Amino acid sequence: MSERGKSKMVLTINDDFDLEKISESGQCFRWETEDHHTYRILAGENCLYVTQLGDHGYELDCTEEQFHSYWQNYLDLQENYQGIRERIDAMTDPFLWAASEHKKGIRILRQDPWEMLITFIISQNRNIPAIRRSVELLARCCGRKMYDSKGKEYFGFPDPQAVAALSEDDLASCKLGYRCRYVHEAAEAVANRGFDLASLIRADEETTIATLTTLPGVGTKVASCVSLFGLHHTDAFPVDVWMKRILAEYYPNGYPFEKYVPYNGIYQQYMFTFYREHRGT
DNA sequence: AGGCAGGCTTTTA
DNA sequence: TAAAAGCCTGCC
């Protein structure tokens with residue numbers, strides 16, 4: 001996928017799939033668009049252009065082989081999101097139902113756990129434009145320079161060794177502020193101390209959060225985001241200031257977590273993005 | 001023990 | 001100037 005190619009393929013997606021909603025859901029920070037019609041997606045060291053052709057048709061600038069070996073999984077196209085939505089009962093849970101109707105099309109991308117760990121450490125106390133900027137600066141600082149199918153350059157997300165090798169000044173230049181130390185320590189742990197992110201893919205949720213929060217700068221919220229977006233634990237349930245408001249406002253007697261196993265994280269995405277669009281900044 | 005105030009870099013609105 | 005998909009430290 002690194003070489004310049006002119007491969008294109010057309011794909012039909014009949015399940016829930018909305019590029020704009022996914023892009024704006026706050027789980028990915030390296031999607032770019034100018035017209036909400038064509039998106040350039042960066043993931044790890046890979047790049048994909050996706051263009052919406054019609055209601056269900058999409059053009060992708062990759063080969064069938066690349067699609068089946070990487071992008072199909074990244075976009076979580078094997079999962080049936082319509083079926084997951086239909087488990088929500090409009091009568092007993094009108095807020096979640098409304099959220100899922102408005103945000104139909106969101107999917108939980110299968111992103112790289114290392115990339116999510118660094119991205120969500122960076123995310124704390126920052127808004128989305130600032131997160132995007134710092135991630136891009138980090139990639140430019142120590143990621144590999146690549147060229148997409150249009151000949152336009154991009155920088156792959158750096159591996160743990162590359163980040164661990166950065167000086168304090170290099171990290172500071174990425175505008176990470178007090179998070180510099182957290183990013184450095186996480187890179188050291190993964191690159192040089194055997195911190196095994198991949199083993200967490202099959203770990204239970206309690207173990208996952210407990211293990212991730214041993215890293216400095218990783219609290220329950222950031223760990224939950226890594227679990228949901230990087231390890232694809234669809235029951236991980238990140239609770240930030242917005243989710244706290246939702247829980248207080250719509251679920252004063254408690255949230256029915258058990259009822260929604262194993263899709264709590266997916267439902268959280270519907271509620272979070274819905275509430276922010278209608279009530280937030 | 002567990003809860004809470006204050007500080008932290010920088011950007012954004 | 002406050003708020004931003006928070007976390008850590010110190011204090012009670």
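This briefing covers the fold, the core, the DNA surfaces and some backbone details of one structure.

The model is predicted: local features need pLDDT of at least 70, side-chain atom pairs count only at pLDDT 80 or more, and totals for chains, interfaces and linings use all residues. Residues are numbered from 1 along each chain as its sequence is written, while chains are lettered from A and ligands numbered from 1 in the order in which they are written. Chain A holds 13 helices and 7 strands. Helices (H or I, at least four residues) and strands (E, at least two) are DSSP runs, numbered from the N terminus.

**Overall shape**

- The C-alpha trace of chain A spans about 55 × 45 × 35 Å along its principal axes.
- Chain A has a radius of gyration of 19 Å, which agrees with the value near 19 Å for a compact globule of 281 residues. The radius is taken over C-alpha atoms, and the globule rule is 2.2 Å times the number of residues to the power 0.38.
- Of the 281 residues in chain A, 38% are buried. Buried means that 20 or more other C-beta atoms lie within 10 Å of the residue's own; exposed means 12 or fewer, and partly exposed is in between, with C-beta atoms placed from the backbone.
- Among contacts in chain A between residues at least 6 apart in sequence, 67% join residues at least 24 apart. A contact needs C-beta atoms, placed from the backbone, within 7 Å.

**Core and packing**

- The largest nonpolar core has 70 residues; Leu117, Ile121, Val183, Ala186 and Val226 touch the most other members. Helix α5 (residues 113-123) gives the most to this core, with 7 residues. Such a core is a set of buried Ala, Val, Leu, Ile, Met, Phe, Trp, Tyr and Cys residues joined through C-beta atoms within 7 Å.
- Leaving aside residues up to four places away in sequence, Ile121 touches Arg179, Tyr182, Val183, Ala186, Gly217, Val218 and Val222.
- Helix α4 (residues 94-102) has Leu96, Ala99 and Ser100 as its buried residues. They cover an arc of only 95° around the axis, so they sit on the same side of α4. The arc is that of the directions from the helix axis to the C-beta atoms.
- These buried residues of α4 pack against α3 (81-85) and α13 (264-279).

**DNA surfaces**

- Around DNA strand B stand Asn125, Arg126, Asn127, Pro129, Ala130, Arg133, Lys175, Gly177 and Tyr178. A residue is near a strand if its C-beta atom, placed from the backbone, lies within 6 Å of it.
- The surface near strand B has 3 nonpolar, 3 polar and 3 charged residues. Ala, Val, Leu, Ile, Met, Phe, Trp, Tyr, Cys and Pro count as nonpolar, Asp, Glu, Lys and Arg as charged, and the others, Gly among them, as polar.
- DNA strand C is surrounded by 23 residues, the closest being Gly26, Gln124, Gly219, Lys221 and Val222. Elements giving two or more residues to this surface are α11 (220-230), α12 and α13.
- Helix α11 supplies the largest share of the surface near strand C, 3 residues.
- By class, the surface near strand C has 8 nonpolar, 12 polar and 3 charged residues.

**Backbone details**

- The peptide bond from Val261 to Pro262 is cis, with omega near 0°. Pro262 lies in the loop between α12 (241-250) and α13.
- His36 is not a glycine, yet has a positive phi of about 55°. His36 lies in the loop between β2 (31-33) and β3 (38-43). His36 is exposed, with 11 other C-beta atoms within 10 Å.
- Lys175, also not a glycine, has a positive phi of about 60°. The loop between α8 (168-172) and α9 (180-192) holds Lys175. Lys175 is partly exposed, with 15 C-beta neighbours inside 10 Å.

How values were computed. Contact = placed C-beta atoms within 7 Å.
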